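User: I am new to this structure. Please take a close look at one pair of helices that touch, and tell me first how far the model can be trusted.

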Amino acid sequence: MSENTNVMVVNNNAKLPLVIEENSLFAYFESIKKFPVLSETEEQNLIVDFKQNGNLKAAEKLVTSHLRLAAKIALTYRRYGLPLADIVSEANIGLMQAVKKFDLDKKVRLSTYAIWWIKAAINDYILRSWSLVKIGTVAAQKKLFYNLSRIKARLGLYENKALEPEVVKTIAKELVVDEQDVVEMNQRLGGDKSLNVAAGDDGTSEQIDFLVDNRQNIEAKIANKEEAKFKQKILQDCLKKLNERERYIITNRMLVDEPVTLEELGAKFGVSRERVRQVEKKAFEHLSELVKLALAEKL
């Protein structure tokens with residue numbers, strides 16, 4: 001996790017509830033229920049107080065009242081193979097960024113605006129921690145993954161729905177990517193959608209009735225398999241360049257289905273939990289650079 005500490009700090013005197021490890025998440029989720037949901041008037045008053053008077057207590061209330069929203073969004077990313085506690089912490093960072101950037105001129109509730117900052121923070125974390133090591137996307141997809149939510153927010157598009165053709169064209173032109181890539185990434189970032197949604201005016205047809213079989217032909221499957229083997233070999237070669245402790249921590253934190261906890265690794269190496277986190281962060285950054293250099297040399 002970058003920029004994260006065990007305690008998410010709003011200011012020097014006020015702290016958010018602890019987000020520690022997976023086995024502590026239930027206690028965290030229970031603790032954030034105590035913060036009341038704000039009415040629209042209360043929210044507006046706090047925003048004005050924070051923006052005009054710099055009142056950090058007002059900012060704190062805005063953040064804590066939306067922690068459940070951040071947690072709810074974080075839970076939708078639980079199948080990405082990364083520690084859920086880290087994803088929740090990244091969601092809280094996105095929430096605090098939203099509070100900092102928000103103003104009443106947006107003409108929407110803070111929760112609507114914050115959704116995009118929360119998702120952007122989580123997406124950025126996933127891309128940093130997951131795709132480079134677990135064989136990530138092509139350059140165009142990566143560019144969209146990083147920027148699509150931000151651009152949609154700038155355009156005032158806060159709902160998870162299909163983009164209008166003109167919007168797709170605008171985004172594709174700005175990011176210099178294909179329009180189809182924009183459509184596909186928007187669908188991915190919008191979350192799972194039911195295939196049983198009605199389609200057509202007669203009310204008898206559903207989206208699933210119009211699905212086309214886009215399965216790859218055998219040549220494409222072989223090509224993709226070869227590419228995956230090629231990138232996997234690069235990853236394994238780069239892992240060998242780390243020292244034994246770094247390699248063990250990266251492997252057991254990022255390359256297994258059930259990541260080992262920081263406490264368990266700390267006990268194994270006789271160091272603190274925080275020291276393991278520091279080693280993991282440094283090792284991952286080193287590995288990422290090695291992978292990038294290796295790919296640049298081969299491609």
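Analyst: Residues 1-14 have a pLDDT under 50 throughout, and the model gives them 39 contacts beyond four places in sequence. A second stretch, residues 191-219, also has a pLDDT below 50; there the model shows 20 contacts beyond near neighbours in sequence. This is a predicted model, and the average pLDDT of the protein chain is 76. Of the residues, 71% score at least 70.

Now to the helix pair. Helix α11 covers residues 244-254 and helix α12 covers residues 262-269. Their axes come within 11 Å and cross at roughly 155°. Because angles over 145 degrees count as roughly antiparallel, α11 is roughly antiparallel to α12. The crossing of α11 past α12 is right-handed.

Which residues make the contact between α11 and α12? From α11 come Arg245, Tyr248, Ile249 and Arg253. From α12 come Leu262, Leu265, Lys268 and Phe269. Sorted by class, the contact of α11 with α12 has five nonpolar residues and three charged ones, with no polar residue.

For a view of another part, the whole structure holds four aromatic pairs. One of them joins Phe102 and Tyr113, with 5.2 Å from centre to centre and 50° between the planes, a tilted arrangement. Phe102 sits in the loop between α5 (84-101) and α6 (110-131), while Tyr113 belongs to helix α6. The two residues are 11 residues apart, and the pair links distant parts of the chain.

Definitions and conventions:
Residues are numbered from 1 along each chain as its sequence is written. This is a predicted model: local features need pLDDT of at least 70, side-chain atom pairs count only at pLDDT 80 or more; totals for chains, interfaces and linings use all residues. Side-chain values use heavy atoms; hydrogens and water are left out. pLDDT is the predictor's confidence in each residue, from 0 to 100. Contact means heavy atoms within 4.5 Å. Axes are lines fitted to C-alpha atoms, for helices over the stretch in contact, and angles run from 0 to 180 degrees between N-to-C directions. Helices (H or I, at least four residues) and strands (E, at least two) are DSSP runs, numbered from the N terminus. Angles under 35 degrees count as roughly parallel, over 145 as roughly antiparallel, 65 to 115 as roughly perpendicular and the rest as oblique. A crossing is left-handed if the near helix is turned anticlockwise from the far one by less than a right angle, and right-handed if clockwise. Ala, Val, Leu, Ile, Met, Phe, Trp, Tyr, Cys and Pro count as nonpolar, Asp, Glu, Lys and Arg as charged, and the others, Gly among them, as polar. Rings of Phe, Tyr and Trp (its six-membered ring) pair if their centres lie within 6.5 Å; planes under 30 degrees apart count as stacked, over 60 as edge-to-face and the rest as tilted.
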